[in-house]
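Okay, thanks everyone for squeezing me in. I'd like to walk you through one structure today, so let me put it up on the screen.

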Amino acid sequence: RNTVDTLTTTRNLRNIGVEVYFVEDNIWTLDGDGELRLSLMATLAQEESRKVSEWVKAGQHVSREKGTLYGSGNILGYDRVGDTYVLNPQQAETVRMIYDMYLYEGMGTGKIATRLTELGRLNASGVNKWAHGVVSRGLNNQTYMGIMAYGKSYNNNYLDQKRINNHDKSSYICVEGDFPPIVTPEEWYRAQEIKAGRVKESFS
């Protein structure tokens, strides 16, 4: 579905004496007009791929506005039930502990991870295994204040389809979920302020 890649590959093969036959389109690359016909078919296929990509994006936009959940896994604090989340009491208590230790006890993510391990708390996979990165992602997750955030990653383009993490939180699409929050918006935003302040201090 990439015209340039198609022609480059078939030319490289032709240069070493290898002919390619495209069955559906009945194209032999060593024929006199083979490359011309291949170029036309590849261009049409690439355009079709672009249109499909646009349709998918439009569908995603509509589903995001409705607060549709993507994926099938659970996150710490909730169980996925149908098209929504329901509180998992024991895990929700762990999430609450993370925020309490970070906001009110002044603990960093590494110390929180150590403390959760010492307390025998289980992560979303049901294992007593914690790391500062897991705790940090939990503090960043808008889901805990009852908000679905979309656009955390995106495809670089419709040809490569390479997934790229989006670090620009201001570009996220945020929709209120139909599930109960675990922390208040004030607590979640306060956690972001504390984190930003600590990052700034580390570079000063």
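**A walk from the cavity outward**

Let's start on the inside: the largest cavity has a volume of about 40 Å³. Before I go on, please keep in mind that this is a predicted model. With a threshold of 30 Å³ or more, the count comes to one cavity.

So which residues line the largest cavity? You'll find L7, T10, R14, T29, E35 and L38 around it. Two elements give two or more residues to that lining, namely α1 (3–15) and α2 (34–65). The largest share, three residues, comes from α1.

Two of those lining residues, R14 and E35, deserve another look. Their side chains meet in a salt bridge, 3.2 Å from N to O. R14 sits in helix α1 and E35 in helix α2, so this pair ties together parts that are 21 residues apart in sequence. How covered up are they? R14 is partly exposed, at a relative accessible area of 34%, and E35 is partly exposed too, at 25%.

Now, the structure holds seven salt bridges, and I'll show you a couple of others. One is R96 with E187, where the closest N and O atoms are 2.7 Å apart. R96 lies in helix α3 (residues 89–104) and E187 in helix α6 (residues 185–203), so here the pair ties together parts 91 residues apart in sequence. Is E187 buried or exposed? The cut-off for buried is under 20% relative accessible area, so E187 counts as buried because its relative accessibility is 12%. Its partner R96 comes in at 23%, so R96 counts as partly exposed.

Then there's a local one: E118 with R115, with the closest N and O atoms 3.5 Å apart. Both lie in helix α4 (residues 109–118), three residues apart, which is about one turn of the helix. E118 counts as exposed, at 56% relative accessibility, while R115 is partly exposed, at 37%. And going back to the cavity pair for a second, salt bridges that share partners join R11, R14 and E35 into one network.

**The overall layout**

Let me zoom out. The protein has six helices and eight strands. If you trace the elements from the N terminus, they run α-β-β-α-β-β-α-α-α-β-β-β-β-α. There are 204 residues, and 35% of them count as buried.

**Strands and a hairpin**

On to the strands. What covers strand β5, residues 147–150? Both faces are covered: I147 and A149 on one side are buried, and so are M148 and Y150 on the other. As a reminder, side chains in a regular strand alternate between the two faces of the sheet. β5 pairs with strand β8 (residues 173–176) in the antiparallel sense, over four bridges. If you want a spot to look at on screen, find A149, which stands opposite C174 in β8.

Another pairing involves strand β3 (residues 78–81) and strand β4 (residues 84–87), again antiparallel over four bridges. Here R80 stands opposite Y85 in β4. β3 and β4 form a hairpin with two residues between them. In that turn, G82 has a positive phi of about 65°.

Which non-glycine residue has a positive phi? That would be N26, at about 55°. You'll see N26 in the loop between β1 and β2 (27–28). N26 counts as partly exposed because its relative accessibility is 43%.

**A surface patch**

Last stop, the outside. Y21, V23 and W28 make a nonpolar surface patch of about 300 Å². Y21 belongs to strand β1 (residues 21–22). With 34% relative accessibility, Y21 counts as partly exposed.

So, to leave you with a picture: one cavity of 30 Å³ or more, with R14 and E35 in its lining and joined to each other by a salt bridge. There's a β5 strand with buried residues on both faces. And on the surface there's the nonpolar patch of Y21, V23 and W28. That's it from me, and I'm happy to rotate the view if anyone wants to see a spot again.

Methods
Residues numbered from 1 in each chain as written. Predicted model: local features only at pLDDT ≥ 70, side-chain atom pairs only at ≥ 80, totals over all residues. Heavy atoms only, no water. Patch = residues over 30% accessible without salt bridge, like charges linked within 9 Å, V, L, I, M, F, W, Y side chains within 5 Å. Areas by Shrake-Rupley, 256 points an atom, 1.4 Å probe, with all protein chains shown as cover. Salt bridge = Lys/Arg side-chain N within 4 Å of Asp/Glu carboxyl O. Buried < 20%, exposed > 50% of the residue type's maximum accessible area, 1.4 Å probe, protein only. Pairing = 2+ DSSP bridges. 1 Å grid on protein atoms, 1.4 Å probe; cavity = no way out; pocket = protein on both sides within 12 Å on 5 of 7 lines; lining within 4 Å. Points joined across faces, edges and corners; volume = space filled by probe spheres on them.
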